[in-house]
2 protein chains.
Amino acid sequence: MEEKKKLLKEKLAELSDLIYTAAVLDWDQQVNMPSGGAEERGNQLGTLARIIQEKATAPELGKLLDDLLPYADSLDPDSDDARIIKVNRKDFEKATHVPPAFVEKNAQATTTAQQSWREARQKSDFAIFRPDLEKVMDLRKEYISFFPSVDHPYDALLDDFEPGMKTADVKVIFASLRPKQVELIHAIAAKPQVDDSFLHQPFDEKKQWAFGVDVITKFGYDWNRGRQDKAPHPFTTDFGVNDVRITTRVTPDFLNSMLLGTMHECGHALYGLGAAPEMERTGLAGGASFAVHESQSRMWENLVGRSLPFWEHFYPRLQEVFPQLKEVKLDKFYKGLNMVQPSFIRVEADEATYNMHIMLRLEVEIALMEGKLAAKDLPDYWNTKMQEYLGITPPNDAKGVLQDVHWSGGMVGYFSTYALGNLISAQLWEKINQDLPDLSGQISAGKFDGLLGWLREKIHRHGRKFEPQELVQKVTGSKIDPAPYVRYLTKKYSEIYGL
Amino acid sequence: MEEKKKLLKEKLAELSDLIYTAAVLDWDQQVNMPSGGAEERGNQLGTLARIIQEKATAPELGKLLDDLLPYADSLDPDSDDARIIKVNRKDFEKATHVPPAFVEKNAQATTTAQQSWREARQKSDFAIFRPDLEKVMDLRKEYISFFPSVDHPYDALLDDFEPGMKTADVKVIFASLRPKQVELIHAIAAKPQVDDSFLHQPFDEKKQWAFGVDVITKFGYDWNRGRQDKAPHPFTTDFGVNDVRITTRVTPDFLNSMLLGTMHECGHALYGLGAAPEMERTGLAGGASFAVHESQSRMWENLVGRSLPFWEHFYPRLQEVFPQLKEVKLDKFYKGLNMVQPSFIRVEADEATYNMHIMLRLEVEIALMEGKLAAKDLPDYWNTKMQEYLGITPPNDAKGVLQDVHWSGGMVGYFSTYALGNLISAQLWEKINQDLPDLSGQISAGKFDGLLGWLREKIHRHGRKFEPQELVQKVTGSKIDPAPYVRYLTKKYSEIYGL
């Protein structure tokens, strides 16, 4: 058994090394690569993907995992070894369910669809994208057919992003959340708008960068185990548990992109850097799911970075760096940073309206997979829902149904993780405040080690050991629950807008 | 046959993708990686090296190459297909001669030796390094034993850097070169020294960088297919034929590191970028050998970048950027830049003394492999030879026998390529001047497309198709010959020092 365990760990280490290798190539492509290198980089990533797929589905790996199952069952079910065997066994089974020919066909279709999506968005013409979108969605249905035992077809897609999560659960969560968020947005809309004009003025890019660096250094981002670069689309990437890098975007005449983006990516990075050494090279480093990852990034961005205690500490420093804010009082700054304003573009949405963008997309995806919605009817469906949820109608497809890259890449099941991440962040936040009653005081003193220590202990160190629902249950005592997020939003905006 | 050719090219493409992948990881490690990532990066590079070794020695690859040999023999021997098959067949045979157990043992020994070399150099104490050096040299002898058919033991080592090159040839070349260089150095030493003090003063680092960028842009370095970053030890790396990156080092109070270093690395990069598209992903992109590569870097650095015509064009611009040079006349600048001064450190040596450093190392290596010199006697041997060749004796081991990293890494056979590169550069230069009689005029007008076009046509596009001696013969009509280099040095320094 020891021999087999050793052999398994070698195979998992090799697989993990190759996945991190692909991440380095991808990061370099987005951050450094000269344009001429694109085709060759595509070849390199293609070769790596093929080798990774071969190794991830190798019969010897499956045999080892099967042989070790009785051993795993004999252990404490929460022990590292039990989880390493079981999580990898599930990964293996999922990977072997999908025929290599499908993987190739899907890769080709999504490459084409991404091109036509780009053109369609540029010309704001859904018709250009429609045939490829239909193909991609048909392929998603074919993918679902490889998992005949799921309760709901959409479960097969969801599971790729949120292991163990069911469509039925997601429906219940969002059915409870939807009316409360709509009500809150309407209540806010009935009140006088706050002013955020001072956020839209020139801010020196180098000073912005340095301020962001200051903030995340205080958060506890370890520069010996990470770095920050510029990238047009900010992202975080793990090359192991000791090299987790972030990227950010600096806008010369708007503070939020750098400020909130840097804190957001730092939240992801702190998660990646916090995995226990035992998780290294086992396939279990990284996050429990996309939603749990998002709960970390959104927590540092919103629950910390858009909070009054945070700015009690950092605002004097920000005013020093940017004297143009000298006349803007803290209270006004805080309200402006938290302005609620229904808008067309998801990635620019505020905390109160963000989830509505997600719910719309989730409904589209489920309806498409259930066969209740046809791709051709998407623009109308989209615009009707936007009017219903946010009271605005996109003026064109580019600002409507064509705004996100996800579907063109075959990523269906992804969007809900953004909203679930928000819910989890607030659910954890209530628990953290119980465990650390002085949390607000620590934050307003610029101290984050209590918070980070809590997250490391309860969330980060486990990596992928637990499924998201299981992890949230273990930590908070209940499964993912929208109530804390609704409470959080209601309290925050009642104060800001005087509801 | 077509089927086998296709299959071979697929296998070679995969191998090439993996080698470039390792290069990306290595570049990132030297340029960007935070220190915490070192161990994991080591794992990733180790895994990649193992997979590359497996694929490079896979029996199916050998069988394909054997099966295709009669086909290769039926073709024009200089055709791409014939060379692709033959060069890869030689690579395969060499790789399979070396047992995997040896590769591992050697990797461990050199890792340890590099550590003890670092400590020894820091403490300037050869005794610390000696036992590990002895092990590394014994392993080199064991490596040689895997190639029992060589004429001279050192041939087995040389061939890894200079395919097809024989120790006998190298001995003849250097025996002819040695007395002439020694004579020249003595003649120079008898003349009044030139002044280079103006090169040793503060130069703004950003302006240095920008000037270097200007120069290599004029050389023809394509920024859409490359980039330049800072690194403590400058190097050039290929990620394909359309992404070849350089690094440079900027010293705040000495112009030469940036200036000559940038041109040197650009010379390497132009070679990598010039391979014909047919060489892509065949294992034949890149350079014919280390010496031919060095001939390109040294040509742009020295024959171009230290020449009077070059500075006739660039010096007014340099004076504009650095007004502290306003009072230094062009002639004085040119002489200072070409000052000959015997010194202890190879990498800081001028053109006239550089090859002496190499000859010393080459003699050490051959004597060690022939069993005529023991590692324990190295410091004395080194110091005696330094006195004989350059008239100076290192004050300590750090400035003597411990200065280079190569031997600790098991790189024996490498040094001669630096000197051979110098010789080839001058030999090509004579030929280029015959073919482009106006070359000096072009350079003094800041025009380099004639030179680059010639190099692309005669050298770059062939990649690794031809062995170095074969390539030099094809292009110049004779094998590697020291006479042009001696003529070049003698003419240049006669003018500068009034010999």
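A salt bridge here is a side-chain nitrogen of Lys or Arg within 4 Å of a carboxyl oxygen of Asp or Glu. The model is predicted, with local features needing pLDDT of at least 70 and side-chain atom pairs counting only at pLDDT 80 or more. Residues are numbered from 1 along each chain, and chains are lettered from A in the order in which they are written.

Counted this way, salt bridges come to 100 over all chains. In one of them, Lys474(B) meets Asp78(B) at 2.5 Å, N to O. This pair ties together distant parts of the chain, 396 residues apart: Lys474(B) sits in helix α19 (residues 468-476) of chain B, and Asp78(B) in the loop between α3 (59-74) and α4 (80-97) of chain B. Helices are DSSP runs of H or I with at least four residues, and strands are runs of E with at least two.

As for the two copies, chain B lands on chain A after a rotation of 180 degrees with 0.0 Å of shift along the axis, RMSD 0.0 Å (a least-squares fit on C-alpha atoms of residues with pLDDT of at least 70 in both). That is how a two-fold axis relates copies. The same surface serves both: 100% of the contact residues of chain B (heavy atoms within 4.5 Å) turn up again in chain A.

Technical notes: Heavy atoms only, no water.
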